[in-house]
Amino acid sequence: MTASLTDAAPTIRSDAPLARSVTVNYGLATRLSKDMGNATKQQVEQLRAQLQTASYAYYVLDQPTMEDAVYDRLYRQLQQLEAQHPDLVTPDSPTQRVGERPAQQFNSVRHNIPLYSLENAFGVEEYRAWQDKWQRLIPDAGDRPAVAELKIDGSALALTYENGLLVRGLTRGDGTTGENITQNVKTIRSIPLRLQTDAPPAQVEVRGEAFLPLSEFERINQERAAADAALFANPRNAAAGTLRQLDSRIVADRRLDFFAYTLIIPDAAQAASQSGETAQPITQWASLSQLQAWGFKVNPNCQLCQTADDVAAFYDRWSTARRTLPYLTDGVVVKLNDFDLQRQLGFTQKFPRWAIALKYPAEEVPTRILNVSVQVGRTGAVTPVAELEPVQLAGTTVARATLHNGDRLQELDLHIGDTAVVRKAGEIIPEVVRLLPELRPPDAVRVQMPTYCPECGQALVKPADEVVTRCINASCPAIVRGALIHWARRDALDINGLGVKWIEQWVEQGMVRSVADLYTLTVSQLMALDRMGEKLATKIVEAIADSKQQSWSRVLYGLGIRHVGAVNAQVLAQEFRSVDALRDAKIEDIEAVFGIGPEIAQSVYEWLRHPANWQLIEQLQAAGLQLVSTAPMPDSTQQLPFTGKTLVITGTLPTLSRHEAKALIEQAGGKVTGSVSAKTDFLVAGADAGSKLAKAEKLGIAQLSETDLLAQLNGES
């Protein structure tokens, strides 16, 4: 259907006759100005209503009522009027969906009501066991109606509306605290900026899932491929990354969609008593209807199930039908319909007792193996990779799948031309699960692991105690590339601007053969490369030079010694305050360090005694790298950094796991507890810090970032 522009508000005439007297002139001018202002306001409101109605029909109902050209013309007309009359701009105007300036950062905001995760059930039998469990809590409960909704594979959002107007959009975060991404939320066309009701509640919270339709995912990856940019792994990751873009214009361009599934009206009883306001629905099914009435998109693939058998039938039906959907779903969410029953059941520490996610098994599909290639990693590990006949798997096109190692290759007895069953390990990395030997072609050739490195031609080795085949040539281009990428990482030498493409080009052209060669690069050398101007070349050379100031522990980690992570490097650098001290240490001395086991000790001991590796150390010393700790030397009378101190860790730290951070603190004399109290000395806070951060702020407890923590452990602060 199309709409005509003849319905637009009338234009304002400017040919009114002149009055005879100054007094009348003045009065007429005032009245005309007022009339024109009212007419403009009316025109703006009418345009806004027309555009909102058209958007709702297109993005929510999927029933376009207006041609694109007509919509664009009305939109531009509204833009022009609002530009001429800024006082007429409202937050719910269609022109306000995309911000003009990128955000500087996202602020963390505490959820009014926590967003709990859901308990998982894998299969109908586990669902029935969950049902038996909640029924035991409610005497004579029997089978109760439940709502089955497809579980959308996206990112949860919590939207707050005040007097019908969208005022805040938060990510789920850790369930207690989320990030305020309101400007990005406004770009999602299926999220109304204003509720479609004349009598909205004073406040309402709507929860749902933002997701990337498969067609948009394919479009975005095609555009990224054309721009030689890294492709998104799957729609879920792409949606999550999109929502955290600081520039809302990028978010708008990626065309996210949204399904609403939860409605919460605070103080519903009080709201119901106020004239004209909407009370909280008493069932989940009624909530979905209310959300639809207010202009939200609700997944039509949901069902009110009277019995557990109905739920099982819904689950079974969509186990195969879901592959025809324009979005990804990995299961069914089942919620008891009656809100009063939900309140009686309540929550465990982690989950609501009245809802469960009934997950589907990892998707497996058959496809033909066209070839097998091998990849050589940073440590020389050689990984066989199956080149596949492209197949759709969990919403993406898969053409390669890992075979893990030579032992796995031999176990599968893989032949070129075999039909393999492929799945996504952890729903991300495609892997070959098994073969279908009955479909093997008669002339199929068995695949063997190579005996020589495909990158450098050197003989490969396979230690007797390992399943991994390795290239041990330190000059192998693949190992050099991996070493350089690792060296430049944020938690190693943190060389800003040293991207993978530049590293690949430098190694290919022989400009860099080790990390030490980075420190010999000049601006003029880099400027000789394609697409490398003087400004960029200077920036990279300066960033490389700045990395010389990084601490001894970062250099140790950057060397890429097998089994030595960032935390191990920190521990070793504290105990052995120079590379010479570490090299002179006996293997039992290294193993005796808290947190360093026999495998790590053996790896460090052998690495430092390899002539080529020590030559690299000497080159780094000559280049000015920090291979000696600059922190004050502790003595027997000096207290450790956290002696007698109590610390609490909350949130996600950039590079350390909670276990690793706890080990470092305890080694430094501190005690780590699980809750904040007046006795807490420091709170180590990472991303998505929740209630512990709020309590620490209330009590005035000092906060440490991961950087602060490592600095104190190093004696640098």
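Helix 3 (residues 124-137) lies across strand 2, strand 10 (329-336) and strand 11 (355-359), and its direction makes about 170° with that of strand 11. The model in which this packing appears is a predicted one. The three strands named belong to an open sheet of 5 strands, whose order is 2-11-10-3-9 and whose pairing is mixed. At its edges are strand 2 (120-122) and strand 9 (302-305), each of which pairs on one side only. On average, neighbouring strands of this sheet are turned by 30° against each other, direction ignored.

One end of this sheet can be followed in detail. Strand 3 (residues 146-152) pairs with strand 9 in the antiparallel sense, over 4 bridges. One position in that pairing is Ala146, whose bridge partner in strand 9 is Cys305. Helix 9 (residues 284-293) lies across strand 3, strand 9 and strand 10, running at about 55° to strand 3.

Helix 9 also leads to a second sheet, since it lies across strand 7 and strand 8 at about 125° to strand 8. That sheet is open, has 4 strands in the order 5-4-7-8, and is paired in the antiparallel sense. Strand 5 (165-171) and strand 8 (257-264) each have a single partner strand, so one side of each is left without a neighbour in the sheet. Here too the neighbouring strands are turned by 30° against each other on average, direction ignored. Strand 7 (residues 203-211) is joined to strand 8 by 7 bridges, and the two run antiparallel. Within this sheet, Glu205 stands opposite Ile264 in strand 8. Helix 6 (residues 235-243) packs on the sheet as well, touching strand 4 and strand 7, with its direction at about 40° to that of strand 4.

Aromatic rings supply another set of links. A search of the whole structure finds 10 aromatic pairs. One of them joins Tyr161 and Phe296 in an edge-to-face arrangement, with 5.7 Å from centre to centre and 90° between the planes. Tyr161 lies in strand 4 (residues 155-162) and Phe296 in the loop between helix 9 and strand 9, so this pair ties together parts that are 135 residues apart in sequence. Both Tyr161 and Phe296 are buried.

The geometry of Tyr315 and Tyr360 is of another kind: their ring centres are 4.5 Å apart and their planes stand at 10°, so the pair is stacked. Because Tyr315 lies in helix 10 (residues 308-321) and Tyr360 in the loop between strand 11 and strand 12, the pair ties together parts that are 45 residues apart in sequence. Tyr315 and Tyr360 are both buried. Ring pairs also link Tyr116, Phe347 and Trp354 into a cluster.

Strand 12 (residues 364-376) holds Thr367. Thr367 has a relative accessibility of 6% and therefore counts as buried, the limit for that class being under 20%. The side chain of Thr367 reaches the backbone oxygen of Glu389 at 2.6 Å. Apart from neighbours within four places in sequence, the residues in contact with Thr367 are Leu388, Glu389, Val391, Asp418, Thr419, Ala420 and Val422.

Strand 12 also takes part in the surroundings of helix 13. In helix 13 (residues 477-487), the buried residues are Ala478, Ile479, Val480, Gly482, Leu484, His486 and Trp487. Their cover includes strand 12, strand 18 (469-471), helix 14 (500-508), helix 17 (552-558) and helix 22 (611-623).

Further along the chain, Gln712 is found in helix 25 (residues 706-713). Gln712 has a relative accessible area of 18% and so is buried. Gln712 and Ile665 are 47 residues apart in sequence, while their C-alpha atoms are 10.0 Å apart in space.

These details belong to a chain with 25 helices and 22 strands. Of its 717 residues, 46% are buried. Among contacts with a separation of 6 or more, 68% join residues that are 24 or more positions apart. The chain exposes about 36,300 Å², of which carbon and sulfur atoms supply 50%.

Key:
Residues are numbered from 1 along each chain as its sequence is written. This is a predicted model: local features need pLDDT of at least 70, side-chain atom pairs count only at pLDDT 80 or more; totals for chains, interfaces and linings use all residues. Side-chain values use heavy atoms; hydrogens and water are left out. Buried means under 20% relative accessible area, exposed over 50%, partly exposed in between (1.4 Å probe, protein chains only). Contact means heavy atoms within 4.5 Å. Accessible areas come from the Shrake-Rupley method with a 1.4 Å probe; for residues, only the protein chains shown count as cover. A polar contact is a pair of N or O atoms within 3.5 Å; within protein, one must be able to donate a hydrogen and the other to accept it, and residues adjacent in sequence count only if both atoms are side-chain atoms. Two strands pair if DSSP finds at least two bridges between them. Axes are lines fitted to C-alpha atoms, for helices over the stretch in contact, and angles run from 0 to 180 degrees between N-to-C directions. Rings of Phe, Tyr and Trp (its six-membered ring) pair if their centres lie within 6.5 Å; planes under 30 degrees apart count as stacked, over 60 as edge-to-face and the rest as tilted.
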